[in-house]
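Q: I am new to this protein and would like a close look at one part of it. Could you take me through that part slowly and then show me what lies around it?

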Amino acid sequence: MRNKKEIKDKILIGLITATNEEYQSIYNIIKKTGILLFNSKDKTSPFPYFFSEFDFFGNDKKLKINLITIKSGYGKLNAISAATFLIERYKVDFLINFGACGSLTKLNFDKSTKVLKTPSLKIGDFVIPKILYESSYISFKINQENKDIKTNEENKDSKKENSENGKIFVGLNRIESIIHKSIINKYDFVKEVKGCSSDMDVDSMEKRDFLRIFFGADICDWESFSIRKVAHLWKIPSLIFRVVSDYANESFLIDYKENLINILDNGANFLLHEILPMTCKILISELNF
């Protein structure tokens, strides 16, 4: 974390993507609009990454924004490693995680046509999780065996928000809360949600209902929980920005492949041109730049 007494003229931001497609979508937009410094050929790095630089005017002076975009690969362990790499080696001031996610919001089908009605979170929607739960296939199986899903469905509305019954989760720190509020106030189409990071493909209604009902989650992915957890351990703020690519059911892989490139291009463009400048403005006011 940056020393509060140390005034800098440069903000260092780490941007973590998991897949080739997510990484490439950021690269393509920055190549057109930003200053691409170089692709790293660092043999000591376990990940590919590249540097880009932007000028940003704040507090009556020009600041440099150095963005380090990294491709972590799938899963919690890769996400933890990439976040730690950025924090330890480059001393980043802020972490962003960008990628696709599955929607867990309740699916409604027209009984006569068997066509899916528009759910509350649809493909292409932008989301920012305020709470992230950690899940696993083991917890899924245990709860299936104990038949907890029906009980949680019946009691979920009566439970207090902070009563998590041993569930592992991470919320927002002060600066993250300010960033979320600013984004939602300006862009009403960005949805603040509850997310769940799981070490399994959510490829069935059984798994989908478990995450939706037991955790009360709206979206699912593999890496978000780990990235925010690492950021909080190192006492730096983070932003998880995801785009809905599928409905986390039996057809998730078909939906994912059909929608991925288009939704990622839209999301990367919005992230870099809208959210990033807003975030930098908040960081300037909240940190010592």
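Which residues are buried in H7?

A: Happy to help! A word on the ground rules: this is a predicted model, in which local features need pLDDT of at least 70 and side-chain atom pairs count only at pLDDT 80 or more, while totals for chains, interfaces and linings use all residues. Residues are numbered from 1 along each chain as its sequence is written, and side-chain values use heavy atoms, with hydrogens and water left out.

Now to your helix. The buried residues of H7 are Ser224, Phe225, Ser226, Ile227, Arg228, Val230 and Ala231. Here, buried means under 20% relative accessible area, exposed means over 50%, and partly exposed is in between (1.4 Å probe, protein chains only). The label H7 comes from DSSP runs numbered from the N terminus, where helices (H or I) have at least four residues and strands (E) at least two. H7 spans residues 224-233, and seven of its 10 residues are buried, so the helix is largely enclosed by the rest of the structure. Just after H7, Lys235 takes a positive phi of about 60 degrees.

One residue that meets H7 is Thr84, which belongs to helix H2 (residues 76-90). Setting aside residues up to four places away in sequence, Thr84 touches Arg89 and Val230; contact means heavy atoms within 4.5 Å. Because its relative accessible area is 21%, Thr84 counts as partly exposed. Thr84 and Trp234 are 150 residues apart in sequence, yet their C-alpha atoms are 8.8 Å apart in space.

Going back along the chain brings us to H6 (residues 205-214), the helix that holds Lys207. H6 is mostly covered, with seven of its 10 residues buried; among them are Phe210, Leu211 and Phe214. Lys207 is buried too, because its relative accessible area is 15%. Its side chain reaches the backbone oxygen of Asp201 at 3.3 Å. Such a polar contact is a pair of N or O atoms within 3.5 Å; within protein, one must be able to donate a hydrogen and the other to accept it, and residues adjacent in sequence count only if both atoms are side-chain atoms. Just after H6, Gly216 takes a positive phi of about 70 degrees.

Going forward instead, we come to strand E10 (residues 238-246), where nine of the nine residues are buried, so this strand is largely enclosed by the rest of the structure. Strands pair if DSSP finds at least two bridges between them. Strand E5 (residues 94-103) runs parallel to E10 and is joined to it by eight bridges, with Leu95 opposite Ser238. Strand E6 (residues 126-134) runs antiparallel to E10, with two bridges, and Val127 has Arg242 as its partner there.

Finally, the nonpolar cores: each is a set of buried Ala, Val, Leu, Ile, Met, Phe, Trp, Tyr and Cys residues joined through side-chain atoms within 4.5 Å. The largest has 44 residues, and those with the most contacts inside it include Ile183, Phe241 and Leu271. Helix H8 (residues 252-286) gives the most to this core, with 15 residues. Another core, of 24 residues, lies apart from it and includes Phe47 and Leu86. Ile183 is in contact with Ile128, Val190, Leu239, Ile275 and Met278, leaving aside neighbours within four places in sequence.
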